[in-house]
Amino acid sequence: MDELNWLQWPAMVVTIVAAWFVASTLKSRRLLGFWCFLLSNVLWIAWGIFTTTWALVVLQIFLAAMNVRGMVKNDD
């Protein structure tokens, strides 16, 4: 299972890319950023389960909920 340890690096990169797009003034780029954030949440949750870092898993679940909220508000 050590091969899952590498998952933290793509999770970090996707999180940074997501933050970049969410900060855009274009609605379509912000939406892409929210989808990237959701992908990063999934990656961090997978890594958190692998490493048994349960606080990280819970944090990512709540952050995913906030990302969904941001996507909905982006449509306004």
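Confidence runs high in this predicted model: the mean pLDDT of the protein is 93, and 97% of its residues reach 70 or more. There's one aromatic pair to look at, made by W44 and W47, and both of those residues sit in helix α2.

**Confidence by element**
- Helix α1, residues 8–22, comes out with the highest mean pLDDT among the elements, at 96.
- Helix α3, residues 54–74, has the lowest mean pLDDT among the elements, at 94.
- As a general caution, predicted coordinates shouldn't be read in detail where pLDDT is low.

**The tryptophan pair**
- Two things describe a pair of aromatic rings: how far apart the centres are and the angle between the planes.
- For W44 and W47, the ring centres are 5.8 Å apart and the planes meet at 80°; an angle over 60 degrees counts as edge-to-face, so that's what this pair is.
- Along the chain, W44 and W47 are three residues apart, or about one turn of helix α2 (residues 27–51).
- W44 has 17% relative accessibility, so it counts as buried, the cut-off being under 20%.
- W47 also counts as buried, because its relative accessibility is 14%.

**V68 in helix α3**
- V68 belongs to helix α3, the element with the lowest mean pLDDT.
- With a relative accessible area of 41%, V68 is partly exposed, a class that falls between the 20% and 50% cut-offs.
- Take V68 together with L7 and you get a separation of 61 residues in sequence; in space, their C-alpha atoms are 23 Å apart.

Conventions
Residues are numbered from 1 along each chain as its sequence is written. This is a predicted model: local features need pLDDT of at least 70, side-chain atom pairs count only at pLDDT 80 or more; totals for chains, interfaces and linings use all residues. Side-chain values use heavy atoms; hydrogens and water are left out. Rings of Phe, Tyr and Trp (its six-membered ring) pair if their centres lie within 6.5 Å; planes under 30 degrees apart count as stacked, over 60 as edge-to-face and the rest as tilted. Helices (H or I, at least four residues) and strands (E, at least two) are DSSP runs, numbered from the N terminus. Buried means under 20% relative accessible area, exposed over 50%, partly exposed in between (1.4 Å probe, protein chains only). pLDDT is the predictor's confidence in each residue, from 0 to 100.
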